[in-house]
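Here are a few exercises to work through with the model open beside you. Try each task before you read its solution.

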Amino acid sequence: MIYWASGIVSICGIIFEVIFGALGSYIIGDGVKQYTLTISLFLTGMGIGASLSERLNKNLILSFVWIEFMVAVFGGFSSFTMFGVTAFLPSGTESLYLYFITLIVGGLTGVELPVLIRKANQLGVTLNKSTARVLFSDYAGGLIGGLLFVFWLRPGLGMVKSAFFVGCINLGVALYILWIFRSEIKGWKKHGFVGVFIGVLLVGGLFFGEKLAFSFEQKMYKDPIIYMEDTQYQKIVLTKEQGDTRLYLNGSLQFSSTDEYRYHEVLVHPVMSQADRHDDILVLGGGDGLAIRELLKYEDAGDITLVDLDPAVVELANSSYHLLKLNKGALKDEKVTIRHRDAFEYLEASKEFFDVIIADLPDPNNESLNKLYTKEFYSLVRNHLKPDGAMMVQATSPVFAPEVYWTISETISATGLNVENFHVDVPSFGNWGFVMASRENIDVNQHQVQADTRFLTTDMLLSLTRFGKDEDQEIIENGKPVTLEPNTLIDPHLLEKYEEAWINY
């Protein structure tokens with residue numbers, strides 16, 4: 001029974017660890033940084049807990065039971081409380097809370113194994129066997145916990161319910177051990193009553209905590225939430241207020257229905273004018289269907305391939321009345337083929353060539369997205385362009401993050417392509433930038449807007465290539481020009497620039 005308990009609590013421990021990392025990634029941002037910090041703090045906590053376990057010399061079983069009680073409470077309420085802290089306390093408090101709860105649960109988890117090993121030893125198992133068996137149960141349980149979270153808990157229950165559910169498992173182990181070893185524990189019924197009380201709280205949280213957390217999360221968004229989903233890849237939130245529909249992925253705004261046409265018209269129509277033919281078109285990202293809506297305005301548009309990692313985004317775009325109203329059912333058009341793959345991997349495997357490639361990808365705010373803004377990635381894009389083809393890349397804001405914008409431009413240029421820079425004012429985003437690239441020379445004076453638009457005209461195209469002093473390519477720091485280097489997989493410095501640029505926005 002000791003070994004089964006070890007395996008089960010290890011499953012719970014690893015799930016709490018990844019929950020904390022996921023919470024940090026979603027609410028605070030920069031997934032790699034948050035997972036690194038939470039794993040480090042959790043392991044540090046385990047080390048502290050293991051050291052403190054030496055002081056437990058009386059009833060080891062009762063000590064284990066109360067450790068599990070505390071893990072159940074702290075871990076079970078962790079996600080729920082995190083949303084409350086984010087909603088009601090000053091900015092920055094959520095980071096302190098997350099690191100505190102990670103250290104606490106890690107510390108309690110670190111006490112578990114030494115206690116179980118010592119108890120197994122008391123039961124007559126030699127020390128070397130008890131240690132090996134408990135550690136085997138612990139490591140095997142860690143693998144199972146990670147798989148359960150990725151493939152069942154997060155997509156099936158979400159962050160809040162998952163924490164409460166796992167807390168119930170910890171509590172169940174504690175109560176079962178309490179019952180099995182009740183003969184060794186004086187007043188075991190009193191301890192059992194405490195456990196039952198904790199169980200009532202956790203079950204209440206399991207059934208009602210998500211609704212309360214939803215009201216907390218609502219405060220993180222400007223408008224009422226009308227749809228929310230945790231997918232395998234991200235958190236999708238759709239809001240609506242007085243005709244303004246907004247899509248958020250992992251808390252980052254993707255578009256506002258009041259002005260998205262400004263963004264998508266500049267993303268699509270200049271590059272369509274640059275390319276001589278439109279027989280084969282590739283869109284990377286853009287699962288909301290808004291870029292494809294613009295592409296379908298061209299009668300000569302041929303096959304359009306959309307590569308978007310998350311099927312849930314495309315499903316929402318094809319089923320939500322609010323999104324269908326915006327994208328006009330573009331993703332259901334017979335010209336459109338949808339591939340659910342990582343854009344980098346798709347380009348590595350594909351042997352197709354395209355007249356137009358549009359990269360409408362999320363900002364490079366974590367390591368997995370940063371690779372889609374590297375010289376290696378843009379070299380792949382270049383290699384899939386037909387000789388007279390052209391590409392357009394959304395490249396964040398030249399006003400809020402000028403060093404990021406021009407680094408992206410420099411990275412694309414480093415692949416040997418000619419580049420032209422565009423930017424446009426999108427009220428919900430601010431001033432937003434794009435980079436066009438082609439093997440051919442790019443002469444914006446020769447471009448024409450050849451489709452029906454709400455904002456963009458031929459006459460204004462050239463003006464979109466003009467940048468003010470505070471958004472120009474020459475970045476000055478300490479009175480000296482900054483030399484911008486291409487962003488690469490080996491030297492992913494764009495991520496650091498992005499974090500520094502957006503810290504005040």
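Two strands pair if DSSP finds at least two bridges between them, where strands (E, at least two residues) and helices (H or I, at least four) are DSSP runs numbered from the N terminus. Keep in mind that this is a predicted model: local features need pLDDT of at least 70, side-chain atom pairs count only at pLDDT 80 or more, and totals for chains, interfaces and linings use all residues. Residues are numbered from 1 along each chain as its sequence is written, and side-chain values use heavy atoms, with hydrogens and water left out.

**Exercise 1.** Work out how β1 and β2 are arranged.

Step 1: Find β1 at residues 225-230 and β2 at residues 235-241; the two run antiparallel, joined by five bridges.
Step 2: Look at what separates them: four residues lie between β1 and β2, and the two strands form a hairpin.
Step 3: Check a facing pair; Asp230 sits opposite Lys235 in β2.

**Exercise 2.** Check the span of helix α7, then look for a kink.

Step 1: Take the rule that the expected span is 1.5 Å times one less than the number of residues.
Step 2: Apply it to the 31 residues of α7 (188-218): you should get 45 Å, and the end C-alpha atoms are 43 Å apart, so the two agree.
Step 3: Now go to Phe208, where a kink of about 55° is centred. The bend at a residue is the angle between axes fitted to the seven residues ending there and the seven starting there.

**Exercise 3.** Is Thr374 buried or exposed, and what is it in contact with?

Step 1: Place Thr374 in the loop between α13 (367-370) and α14 (375-383).
Step 2: Use the cut-offs: buried is under 20% relative accessible area, exposed over 50%, partly exposed in between (1.4 Å probe, protein chains only). Thr374 has 0% relative accessibility, so it counts as buried.
Step 3: Skip neighbours within four places in sequence; Thr374 is then in contact (heavy atoms within 4.5 Å) with Phe344, Thr411, Asn487, Thr488 and Leu489.

**Exercise 4.** Trace the salt bridges of Arg277.

Step 1: Look for a side-chain nitrogen of Lys or Arg within 4 Å of a carboxyl oxygen of Asp or Glu.
Step 2: Arg277 meets Asp279 at 3.9 Å, N to O, and Asp355 at 4.0 Å.
Step 3: Arg277 is in the loop between α8 (260-274) and β5 (280-285), while Asp355 is in β8 (354-360), 78 residues apart.
Step 4: Compare exposure: Asp355 is buried because its relative accessible area is 1%, whereas Arg277, at 38%, counts as partly exposed.
Step 5: Widen the view to the network, which links Arg277, Asp279, Asp280, Asp355, Lys386 and Asp388.
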